[in-house]
Amino acid sequence: MSSEMIGLSGIVVMLILLALRMPIGIAMLLVGSIGFAMLNGIQPALAMLGTYPYSYSAVYELAVIPLFVLLGNAAAVSGMGRDLFSAAYAWVGHWRGGLSSATILACAGFAALSGSSVASAVTMGRVCLPEMKRYNYDPRLATGTVAAGGTLGILIPPSTAFIIYAILTEESIGKLLLAGFLPGLLLTVLFVITISIWTKLRPELGPPGPVATGAERARTLYQASPMFTIVAVTIGGIYAGMFTPSEAAAVGAFLALAYALFKRTLGKDNLSFVLLETVKITAFVFLVLIGALVFGPFLALSGLPQKIADWLISFNLPSLVILGIVMVFYIVLGMFLEGFSILVLTLPIVIPIIKALGYDLIWFGVVMVIVLEMGLISPPVGINVFVVKGLVPDVPLTQVFAGIMPFWLAMAFALVLLVMFPQIALIVPDTMIR
């Protein structure tokens, strides 16, 4: 059997194991180590298994993962999500569909703390969905807003997806985090415009709320100011060159915990929840990373990624056409697999293609994350859709999927803009103050 066939067989076995519900980290570790042994011998494979887990885990830069996870969990229990929603609602709640627009803005704000799409969807869904139900919002608009808004969690920095992408492609974590800033704002604006158009065509979907007074707006902004402060210190500190990403994450986590203590929301139960969730998510991410760092060399040794890249290039298709094929490939995968799994499984295959086409890997990281976001709300899997469905059991799943389609189209439009104007993603990291 040729090395390329061994690589292809490994991918097939991997997909079978995932279909059988084996954790992705363990599946990649198992397939990668066996495949590496078949191609390079048992002793080198055992040596790799003996050194890779420690050498790739005991890296200072990886401290950013548990620290940003801790920041997001502390922010969730401190009530920042509710404060954010109250502030956004005071300013835009009187618009037609204002509650939905406020939900999107609150999701964007909370995304700047959590770095997780599921955490953003759960936290903001618990706050926003009851309010939209109280004001008789159509379930399609309400659930679609929360599911789509939650996806901003892996685009707006800090983003766990960007951190993993940076590690697997050996790109700068700081640059990738900053690269998601303007595209995140762009997508937030497109979501709000989508809501405005939808409710203008169908006013009964989202009736306007009462107009807040100037004093109420000032009060809600003051209540949400701790979140703005933490975001300004962490992300602004990275941009200004004051902190490395790991240092910024540590400062942000400290400030979030301090605020939770000040608000007296960090009791024994909440503290246990914050610490245990941080440990569980960190362990999951590190297991997946270790598995990917074993599976990647196996694929590289098989020569399959380069073979696929050479095969695609041999058709002499325009680079935009090949890029479009890659995007469609990701969107289709997103209909069946969870986004994080897609990221670690496909990067070893896709990155050689993107390099051969001459695209900037920082820019492609942003494009890839948006495509993964589309997968998070695409049928039949759409993990964010199922998260929201769990919050509102009385709403049929078909209505939730119907509600996300306008937002899915807004994401597709954002992709078109990023391809036409790559500087949307690159201008901020390219102007970093070192």
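## A charge over a ring

Let's start with a pairing between an arginine and a tryptophan: R217 places its charged end over the ring of W91, at 5.0 Å from the ring centre. Please keep in mind as you look around that this is a predicted model.

## Aromatic pairs

Aromatic pairs number 9 in this structure. One of them joins F85 and Y89, whose rings are stacked, with 6.1 Å from centre to centre and 5 degrees between the planes. Both residues belong to helix α5 (residues 80–92), where they are 4 residues apart and so separated by about one helical turn. F85 is buried, at a relative accessible area of 5%, and Y89 also counts as buried, at 16% relative accessibility.

W311 and F315 make a useful second example. Their ring centres lie 5.0 Å apart and their planes meet at 80 degrees, so this pair is edge-to-face. W311 counts as exposed, because its relative accessibility is 53% and the cut-off for exposed is over 50%. F315, at a relative accessible area of 45%, is partly exposed.

There is one more ring to find beside the stacked pair: Y135 is linked with F85 and Y89 into a cluster through ring pairs.

## The nonpolar core

Turning to the interior, the largest nonpolar core has 143 residues. Which members touch the most others? They are M28, I65, Y165, F191, F295, W363 and F364. Helix α18 (residues 361–376) supplies the largest share of this core, with 13 residues.

Y165 is a good place to zoom in. Leaving aside residues up to four places away in sequence, Y165 touches L176, L343, L347, I351, L361, F364, G365 and M368. One of these partners, F364, is itself listed among the core members that touch the most others.

## Two loop residues with positive phi

If you check the backbone, have a look at E170. Its phi is near 60 degrees, a positive value in a residue other than glycine. E170 lies in the loop between α9 (160–169) and α10 (173–179). Is E170 buried or exposed? With 74% relative accessibility, E170 counts as exposed.

R264 is another residue to inspect. Although R264 is not a glycine, it has a positive phi of about 60 degrees. You will find R264 in the loop between α13 (245–262) and α14 (268–302). Its relative accessible area is 80%, so R264 is exposed.

Note on methods:
Residues numbered from 1 in each chain as written. Predicted model: local features only at pLDDT ≥ 70, side-chain atom pairs only at ≥ 80, totals over all residues. Heavy atoms only, no water. Core = buried A, V, L, I, M, F, W, Y, C linked by side-chain atoms within 4.5 Å. Buried < 20%, exposed > 50% of the residue type's maximum accessible area, 1.4 Å probe, protein only. Contact = heavy atoms within 4.5 Å. Phe/Tyr/Trp six-rings, centres within 6.5 Å; stacked < 30°, edge-to-face > 60°. Lys NZ or Arg CZ within 6 Å of the ring centre and 35° of its normal.
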